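Subject: Structure for you to look through

Hello,

I am passing on the structure we talked about, and I would be glad if you opened it beside this message and followed along. My notes on what was found come after it.

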Amino acid sequence: MSVINEPTVIGWREWIGFPGLGIFQIKAKVDTGARTSCLHAFLVEPFDRDGELWVRFDIHPNQRNTSKVLSCMAPVMDRRLVRDSGGHEELRYVVQTEVSIGDRAHKVEVTLTDRDSMKFRVLLGRTAMEGQYVVDPGKSYLMGRKKRNVKKEETPVGSK
């Protein structure tokens with residue numbers, strides 16, 4: 001007999017993590033209207049690592065706070081032209097990383113873009129949720145509240 005995993009119900013905003021990038025907790029807007037997920041990134045710099053294209057970037061993990069900065073690195077999966085809700089197009093780097101929401105974790109594609117002027121540092125799009133989650137638009141933080149004193153590792157993720 002096979003076990004069918006039912007989708008987990010999440011709210012329209014949740015605390016999520018990208019542990020492969022060293023981001024253990026960040027507030028995300030869950031947006032079924034957006035196909036692609038995106039992560040706030042600035043000082044985005046591509047570089048070669050053993051013949052493979054990688055990207056290093058910084059993020060401000062907290063809303064309305066630019067004093068805290070996390071540095072991340074990841075292999076580049078793709079570059080895509082993405083159209084935002086205002087119709088503006090931007091060529092963005094795409095990285096694949098693990099997302100953790102509640103007690104679930106799975107691989108997702110995330111584009112990198114500057115979201116400093118936006119309320120949320122992460123937009124979780126519908127392809128990241130497909131088959132995993134169902135959204136209750138009237139609820140928030142169904143997977144839990146922010147944990148205090150969560151610290152990033154000292155060594156940048158992906159460094160040798």
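Once its neighbours within four places in sequence are set aside, Thr113 is in contact with Cys38, Leu39, His40, Ala41, Glu90 and Arg92. Please keep in mind while you look at these residues that the model is a predicted one. Thr113 belongs to strand β10, and its relative accessible area of 8% falls under the 20% cut-off, so Thr113 counts as buried. With one of those contact residues, Glu90, there is also a polar contact from side chain to side chain, at 2.7 Å.

Leu39, which appears in that list of contacts, is a good place to go next. Again leaving out neighbours within four places in sequence, Leu39 touches a longer set of residues, among them Phe18, Ile23, Phe57, Val110, Thr113 and Val122. Which residues have the most contacts inside the largest nonpolar core? They are Phe18, Ile23, Leu39 and Phe57, in a core that has 29 residues. The elements that give two or more residues to this core include the strands β2 (13-18), β3 (23-30), β6, β7, β9 (89-101) and β10 (104-113), and the helix α1 (126-129) is also among them.

Two of those strands, β6 and β7, can also be found in an open sheet, where 3 strands follow the order β5-β6-β7 with antiparallel pairing. The edge strands are β5 and β7, each of which pairs on one side only, and from one strand to the next the twist averages 20 degrees. In general, the strands of a sheet pair through backbone hydrogen bonds, and they may do so in a parallel or an antiparallel way. Here β6 and β7 run antiparallel and are joined by 6 bridges; if you would like one to look for, Ile59 has Leu70 in β7 as its bridge partner.

Finally, there are two backbone angles to check. Leu43, which sits in strand β5 (residues 42-49), has a phi near 50 degrees, a positive value in a residue other than glycine. Arg64, placed in the loop between β6 (52-59) and β7 (70-75), likewise is not a glycine and has a positive phi of about 55 degrees. Are these residues buried or exposed? Leu43 is exposed, because its relative accessible area of 61% is over the 50% cut-off, and Arg64, at 75% relative accessibility, is exposed as well.

Best wishes

Key:
Residues numbered from 1 in each chain as written. Predicted model: local features only at pLDDT ≥ 70, side-chain atom pairs only at ≥ 80, totals over all residues. Heavy atoms only, no water. Helix = DSSP H or I, 4+ residues; strand = E, 2+ residues; numbered from the N terminus. Buried < 20%, exposed > 50% of the residue type's maximum accessible area, 1.4 Å probe, protein only. Pairing = 2+ DSSP bridges. Axes fitted to C-alpha atoms, helices over the stretch in contact; angles between N-to-C directions. Core = buried A, V, L, I, M, F, W, Y, C linked by side-chain atoms within 4.5 Å. Contact = heavy atoms within 4.5 Å. Polar contact = N/O pair within 3.5 Å; in protein donor to acceptor, adjacent residues only side chain to side chain.
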